[in-house]
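Reader: I would like a close look at one part of this protein, the stretch that carries the cysteines annotated as a binding site. Please set that part in the context of the whole chain.

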Amino acid sequence: MSSTTPNPALPGATGAPLWLLAELTYRCPLQCAYCSNPLEFAAVKEELSTTEWIEVLAQARAMGAVQMGFSGGEPLLRQDLEALVAEAHRLGFYTNLITSGLGLDEARIEALRTAGLDHIQISLQASDADVAAAIAGSRKAHAKKLAMARAVKAAGYPMVLNVVLHRHNIDRLDAIIALCDELGADAVELANCQMYGWAHLNREGLLPSRAQLEAAEATTARWREQLTERGRNMRLLFVVPDYYNERPKACMGGWGAIFMTVAPDGAVLPCHSARMLPMSFPNVREQPLREIWYDSEPFNRYRGDAWMQEPCRSCDERHQDVGGCRCQAYLLTGDAAATDPVCSLSPDHHLVEAARREADTATVEMVDLTLRNVHESRVFCRD
Ligand code: SF4
Ligand code: FES
């Protein structure tokens, strides 16, 4: 089938990718125990060169992609980040840098601004240095992040903070939001960690209990009211963990529907977590992006609804949630084509209910979490 021919297995023609996530590197100065990078990231050695990345950007833009994120690992570890941002800007992408803030300084912020970077999102681990150090494996990171959040705002960007919530920091949400307020944040994403990659490995030590989650939602609601009363414009977005929903999300807007990730070594994935699925993904070093997107078997495998099993196959909601998340289905059931067990109609929903019960009584401390680093990753590398 040529790249211009719609796949007849699909209910409609495949559209162009709108989003490109460029994972520039798996290297990172932090070791977050909830990282969504693959467990075996240490096996990935040869990162795409500057020239190869520029070619990826050009191909993606020519296909119609308009939004792009630079992430990792820590994208600031790439010394060519400014050059790549400049090229993405020249091509007409709206660019977002997703960073820990480590590796940033005022000069680099200015260089990125000059290169045309549209948006910066900095992650925070906690309201205090001790919890941040325990979860990210770095004692110095917290103060640096706070300084860089301020510097980003001083450079004229909106301050957008991302706080990953889990059972060891969610009870301190009040202090976390107060810190974001004090920093002058414009928007805060309170994102409960989703159970992929290293987070899935550490699930028992990360998933909050329902009581913790409900208290956090109440805290967020209280803060929203208070911020409105004060006329303070700080947007709070609270993302519930999938495990506490009764219906799954339409992950990535559907497999191979709008989203494309290019991994540091050029592997092209329908989502940033897909690398752990038992399938091999094409590489931009060997095939043009257009061919990968439209014609490759992995990108077509879960498009449309022909691949669905029951109960999704005959469910009225299948075009809304596309059967949920393929990665979650695989991690929980061993079958990536299964109904996402988050769905209460799934025959495997009991697995999610068991995880919720486990969260009520879990005793895993922060020191017991497996940190995401090269040493731990090697355990999962095949060769
Ligand atoms: Fe969605 Fe499948 Fe559940 Fe129906 S059965 S609501 S399509 S996940
Ligand atoms: Fe991979 Fe949902 S995270 S499909």
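Author: What follows starts with the annotated cysteines and then moves outward to the rest of the chain. The model is predicted.

The UniProt record, an unreviewed entry, lists Cys28, Cys32 and Cys35 under "binding site". The same kind of record, again unreviewed, places "domain: Radical SAM core" over residues 14-230. In the model that span is 45% helix and 16% strand, and its end C-alpha atoms are 47 Å apart.

Cys32 sits in the loop that runs between β1 (19-23) and α1 (50-63). Cys35 is also placed in the loop between β1 and α1. Cys32 is classed as buried because 27 C-beta neighbours fall inside 10 Å, where 20 or more are required. Cys35 has 26 other C-beta atoms within 10 Å, so it is buried too.

Beyond the residues within four places in sequence, Cys32 contacts Ile135, Ala136 and Arg372. With the corresponding neighbours left out, Cys35 touches Gly197, Trp198 and Arg372. Arg372 therefore appears in the contacts of Cys32 and of Cys35.

Elsewhere, Arg203 belongs to helix α8, residues 203-206. Arg203 has 21 C-beta neighbours inside 10 Å and so counts as buried. Its contacts, leaving aside neighbours within four places in sequence, are Met195 and Ala355. Arg203 and Ala355 are 152 residues apart along the chain, yet their C-alpha atoms are separated by 8.5 Å.

A second set of cysteines is found around ligand 1. The shell of this ligand holds 14 residues, and the closest are Cys312, Cys315, Glu317, Arg318 and Cys343. By type, the shell divides into six nonpolar, three polar and five charged residues.

Some backbone details deserve a check on the display. Most residues other than glycine have a negative phi, and most peptide bonds are trans. The bond joining Glu310 and Pro311 is cis, with omega about 10°, and Pro311 lies in the loop between α11 (297-301) and α12 (318-321). Another cis peptide bond runs from Gly72 to Gly73, with omega near 15°; Gly73 is in the loop between β2 (67-71) and α2 (81-91).

Val322 is not a glycine but has a positive phi of about 45°. Val322 is in the loop between α12 and α13 (326-333), and it counts as buried because it has 25 C-beta neighbours inside 10 Å. Met252 likewise has a positive phi, near 60°, and is in the loop between β7 (235-239) and β8 (259-262). With 24 other C-beta atoms within 10 Å, Met252 is buried.

As for the chain as a whole, the secondary structure comes to 15 helices and nine strands. The radius of gyration is 21 Å, close to the 21 Å given by the globule rule for 383 residues, so the chain is as compact as a globular protein of that length. The C-alpha trace spans about 55 × 50 × 45 Å along its principal axes. Buried residues account for 46% of the 383 residues. Of the contacts with a separation of 6 or more, 74% are between residues 24 or more positions apart.

The largest nonpolar core has 107 residues, of which Tyr34, Val152 and Leu161 touch the most other members. Outside its neighbours within four places in sequence, Val152 contacts Ile109, Ile120, Ile122, Tyr157 and Met159.

Note on methods:
Residues numbered from 1 in each chain as written. Chains lettered and ligands numbered in written order. Predicted model: local features only at pLDDT ≥ 70, side-chain atom pairs only at ≥ 80, totals over all residues. Core = buried A, V, L, I, M, F, W, Y, C linked by C-beta atoms within 7 Å. Buried ≥ 20, exposed ≤ 12 C-beta atoms within 10 Å, placed from the backbone. Contact = placed C-beta atoms within 7 Å. Near = placed C-beta within 6 Å. Nonpolar A, V, L, I, M, F, W, Y, C, P; charged D, E, K, R; others polar. Helix = DSSP H or I, 4+ residues; strand = E, 2+ residues; numbered from the N terminus. Rg over C-alpha atoms; globule rule 2.2 N^0.38 Å. UniProt positions renumbered as here; feature names shortened; annotations may be inferred.
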